[in-house]
Every structure is written in structure tokens, then in C-alpha cells.
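Trainee: I have a structure open and would like to go through it with you. Could we take it piece by piece?

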Amino acid sequence: MTVTGPKGFRAAGVAAGIKASGALDLTLVVNDGPLDVAAGVFTRNVIKAAPVLWSQEVLKQQKLKAVVLNSGGANAATGPGGFQDTHATAEKVAEILDIGAIEVAVCSTGLIGERLPMAAVLSGVDSAVKALDASAEASLNAASGVMTTDTKPKQAFAAHADGWCVGGFAKGAGMLAPNLATMLSVLTTDAVADKEVLDRALRAATRITYDRLDVDGGTSTNDTVLVLASGASGVEPTEAELTEQLTAVAHDLVLQLRADSEGATKDVDVTVRGAASEDDAVVVARTIAEDNLVKTALFGSDPNWGRIAMALGRAPARIDPETVSITINGVTLFASGTTAADRSAADLSGRAIEVVVDLGVGSAEATIYTTDLSHGYVEENSAYSS
């Protein structure tokens with residue numbers, strides 16, 4: 001069990017008829033308490049989907065009893081009508097569960113620019129409430145109900161020796177450059193935590209996990225990560241312990257998201273060390289990770305370090321060409337301003353690729369998790385809306 005692994009949670013995933021395929025497309029997660037503390041992080045994209053605007057508003061009180069999520073439509077760029085649809089969805093959940101709409105977060109994912117089929121959504125809420133359960137099957141269905149181009153559900157779980165745990169699911173296969181969150185993810189914990197601690201722990205966890213996943217440079221209009229705390233274990237961990245567990249689950253989910261991202265044939269870690277600041281390390285690593293020339297070289301298993309040098313050299317960070325080194329899969333190919341080894345010495349034939357850049361101007365470091373750019377990615381995204 002994952003999202004229902006922590007005590008006090010039930011979940012469901014049903015086929016509401018939002019997707020023409022008849023696949024699972026509506027998910028509900030309910031916190032039965034005794035606590036209803038929650039926190040969230042959202043996309044930094046200025047064009048925010050209606051459910052993001054709604055959920056940001058309800059999260060101001062940092063309390064949630066339920067989260068309802070749909071795939072098959074993003075409900076983004078849909079104007080006042082789209083926001084009304086989100087409100088109606090929350091009201092429907094609230095009515096059936098006998099809670100307030102302000103205690104219900106809403107998330108959507110799918111094609112931007114079209115209204116949701118609300119008759120199907122509202123009927124799906126009815127079905128989801130009836131299907132609520134704390135079983136492993138319910139967790140799996142919940143994770144499956146948010147999938148779009150994902151080929152498999154993503155779930156993770158971590159238990160602490162003191163008797164509390166964290167679980168969760170995530171979805172996302174493209175438009176992944178989160179800048180604070182990534183597509184949709186719901187995390188649950190039965191730890192006892194006050195709202196300030198939970199908020200800080202989530203932000204600390206997402207900063208080095210979800211925010212470091214960058215498949216294609218596209219920041220979604222719908223990115224949302226929520227954490228709900230039921231307090232049902234009766235155990236109150238330290239903030240450091242809570243952050244560690246949330247980070248472990250989030251990191252697991254991030255690696256699953258990357259592995260299942262659209263068209264990916266390589267799992268690439270871009271680590272920048274020796275930076276003047278962590279911000280410099282992140283911006284250099286992200287610039288390399290998003291560069292199409294770098295990504296296509298990696299798709300071809302070509303250790304073309306020149307493209308990496310080009311990319312890092314245009315990053316807005318403190319860089320001294322004479323102190324930079326570039327290492328690919330353990331072989332240093334560039335150092336002290338010139339070639340350090342024949343590029344053929346680096347073997348990129350496997351799926352895992354590690355690019356390490358040492359700027360040599362400080363002690364800060366950061367890693368961005370990315371992929372290659374393949375024919376499959378281009379083909380899938382060229383036909384997404386059709």
C-alpha cells in the first residue's frame with residue numbers, strides 16, 4: 001500500500017468516462033483524521049489551471065479532508081467557466097462526504113484549453129466515494145486514475161522505525177520542468193505534525209526532488225504536489241525526520257517519473273560541483289539538462305563533451321573556463337581548458353548516464369534529473385492533441 005499505507009487514509013480510482021478509452025480517469029483521496037493538516041506547492045507558470053487556483057486558495061488554511069483528481073483534461077485556460085467547474089467538483093465531493101468545499105483540493109491533468117465533461121466528472125465522484133478503501137488495490141487504482149501518457153502508475157512508500165510512515169503517488173511523463181512541483185503528486189503521512197512544520201518539510205523535500213526533475217524544459221500549467229497528515233499514528237517526528245521521509249518518497253517518485261517519461265531511452269544525472277553557490281550549481285545543471293544538442297547526443301550514446309561545454313558556458317553563473325572539468329560516466333574528458341581524454345573512453349551504451357561538471361570555483365553542488373531527446377519523444381508530442 002502506498003497512498004493508503006499511512007493510517008487514516010482511503011482512496012479510489014474509477015473510470016468516470018472523462019477519457020474516451022474507458023480507462024481509470026478520476027481519483028479520490030480522503031483523510032479520515034484525526035488531524036487534517038495539509039501543505040502544497042504549485043507550478044510557477046503564470047498561466048495556472050483552474051484547479052491550481054482553487055487549491056492554492058483552499059490551502060491557505062492548510063487543512064484538507066480530501067483531494068479529487070482527474071485525468072483526461074487539464075481544465076487550464078478555460079476562463080471563469082473552468083473555475084466554476086472546479087468549484088462544482090469540490091462542492092460535489094464535500095456534499096457526499098459531509099465536509100466543506102474549502103476542505104477539498106482539486107487537481108486536473110490532460111489537454112490544455114478544453115472544458116471538462118462535468119456530467120462525467122460529477123458522476124465519477126459518486127462512484128469514487130462508493131469505492132473508497134484503504135487496500136493496496138485502492139492505492140493502485142488511485143495512482144492509475146491520474147495517468148495521461150504515463151505507461152505505468154508511480155507509487156512509493158517509506159516507514160519509520162518509530163511507527164509512522166509516508167506514502168504517495170505521482171503522474172507525469174512530459175512537460176516536466178517543474179520549478180517547485182511536478183505534474184500531480186499526492187503524499188500522505190500518519191505522522192502528527194503542525195501546519196508550519198509540514199509546510200517547511202514539504203518545501204525542503206520538493207526543492208531537491210521534484211524541483212530537480214527536468215525532462216524537457218516545459219513547466220506545466222497544472223503542477224501540484226500535496227501532502228496530507230492524518231496524525232493517526234500518534235507519533236510526532238522531528239521536523240528533520242519528517243523532511244527525510246518525505247524526501248525519500250519524493251525522490252523515489254521522481255526517478256519513476258523520469259524512467260517513464262515520454263520517449264526516454266537514457267536516465268541522465270547532471271551533477272554540478274564546485275559552484276560558487278547552490279543557485280549557480282542548479283542553473284548550470286539545468287542549462288545542460290535542457291539543451292537539445294546535449295540531449296540528442298546522449299540519445300545517440302555520443303559522449304560529445306563539446307556540447308556540454310557549450311551549454312554550461314552560456315549559463316548565468318560564475319564560470320572560469322580554466323577550472324572547469326567535464327566527466328561522463330566516470331571518464332574526465334575535459335579539464336583545464338582542453339581535452340583530457342579521448343571521448344571514446346566514455347561508454348554511454350547503457351541506459352544510465354552520469355554527467356559531472358566541476359566548476360572549480362566553490363563548494364556548492366546540485367543534481368538535475370533528466371533524459372535524452374529521442375525520436376519517440378518527438379513523435380508522441382507531435383500528435384498529443386490529435
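Mentor: We shall go through the sheets, then a cavity, then two individual residues, bearing in mind that this is a predicted model.

Trainee: Which strands make up the open sheet of 5 strands, and in what order?

Mentor: The order is E3-E9-E8-E7-E6, and the pairing is mixed. Strand E3 (37-42) and strand E6 (154-159) are at the edges; each has a single partner strand, so one side of each is left without a neighbour in the sheet. On average, neighbouring strands of this sheet are turned by 10° against each other, direction ignored.

Trainee: Which helix packs on that sheet?

Mentor: Helix H5 (residues 195-207) does, touching E3, E8 and strand E9 (224-229). The direction of H5 makes about 35° with that of E3.

Trainee: In what sense do E7 and E8 pair?

Mentor: Strand E7 (residues 165-171) and strand E8 (residues 184-189) are antiparallel, with 6 bridges. Within that pairing, Lys171 has Leu184 in E8 as its bridge partner.

Trainee: And how many bridges are there between E6 and E7?

Mentor: There are 6 bridges, again in the antiparallel sense. Ala159 is opposite Cys165 in E7. E6 and E7 form a hairpin with 5 residues between them, and Gly163 in the turn has a positive phi of about 105°.

Trainee: Which side chains of E6 are buried?

Mentor: Lys154, Ala156 and Ala158 point to one face and are buried. Gln155, Phe157 and Ala159 point to the other face and are not buried. In general, side chains in a regular strand alternate between the two faces of the sheet.

Trainee: Turning to the sheet of 4 strands, what is the order there?

Mentor: That open sheet runs E1-E2-E4-E5, with mixed pairing. Its edge strands are strand E1 (9-14) and E5, each of which pairs on one side only. E1 and strand E2 (residues 26-31) run antiparallel and are joined by 6 bridges, and Arg10 stands opposite Val30 in E2.

Trainee: What does H2 touch on this sheet?

Mentor: H2 packs against E2, E4 and E5, and its direction makes about 135° with that of E5. H4 also packs on the sheet, touching E1 and E2, at about 55° to the direction of E1.

Trainee: New topic: how many cavities of 30 Å³ or more are there?

Mentor: The structure holds 3 of them. The largest has about 50 Å³ of space, and its lining includes Val68, Asn70, Thr86, Cys107 and Leu116. Strand E4 (66-71), helix H2 (79-97) and strand E5 (104-109) each contribute at least two lining residues.

Trainee: Now Ser139, in helix H4 (residues 136-144). Buried or exposed?

Mentor: Ser139 has a relative accessible area of 0%, so it is buried. Leaving aside neighbours within four places in sequence, Ser139 is in contact with Met1, Thr2, Val3, Thr4 and Gln155. A polar atom of the Ser139 side chain lies 3.4 Å from the backbone nitrogen of Thr2.

Trainee: Lastly, where is Glu262?

Mentor: Glu262 is in the loop between helix H6 (239-259) and strand E10 (267-275). Its relative accessibility is 6%, which is why it counts as buried.

Trainee: What does its side chain meet in a polar contact?

Mentor: The side chain of Glu262 makes a polar contact of 2.6 Å with that of Thr149. Leu373 is 111 residues from Glu262 in sequence, yet the C-alpha atoms of the two are 9.2 Å apart in space.

Conventions. Residues are numbered from 1 along each chain as its sequence is written. This is a predicted model: local features need pLDDT of at least 70, side-chain atom pairs count only at pLDDT 80 or more; totals for chains, interfaces and linings use all residues. Side-chain values use heavy atoms; hydrogens and water are left out. Buried means under 20% relative accessible area, exposed over 50%, partly exposed in between (1.4 Å probe, protein chains only). A polar contact is a pair of N or O atoms within 3.5 Å; within protein, one must be able to donate a hydrogen and the other to accept it, and residues adjacent in sequence count only if both atoms are side-chain atoms. Two strands pair if DSSP finds at least two bridges between them. Axes are lines fitted to C-alpha atoms, for helices over the stretch in contact, and angles run from 0 to 180 degrees between N-to-C directions. Contact means heavy atoms within 4.5 Å. On a 1 Å grid over the protein atoms alone, a cavity is a set of points where a 1.4 Å probe fits but cannot get out, and a pocket is an open set with protein on both sides within 12 Å along at least five of seven lines; lining residues have an atom within 4 Å of a point. Grid points are joined across faces, edges and corners, and a volume is the space filled by probe spheres set on the points.
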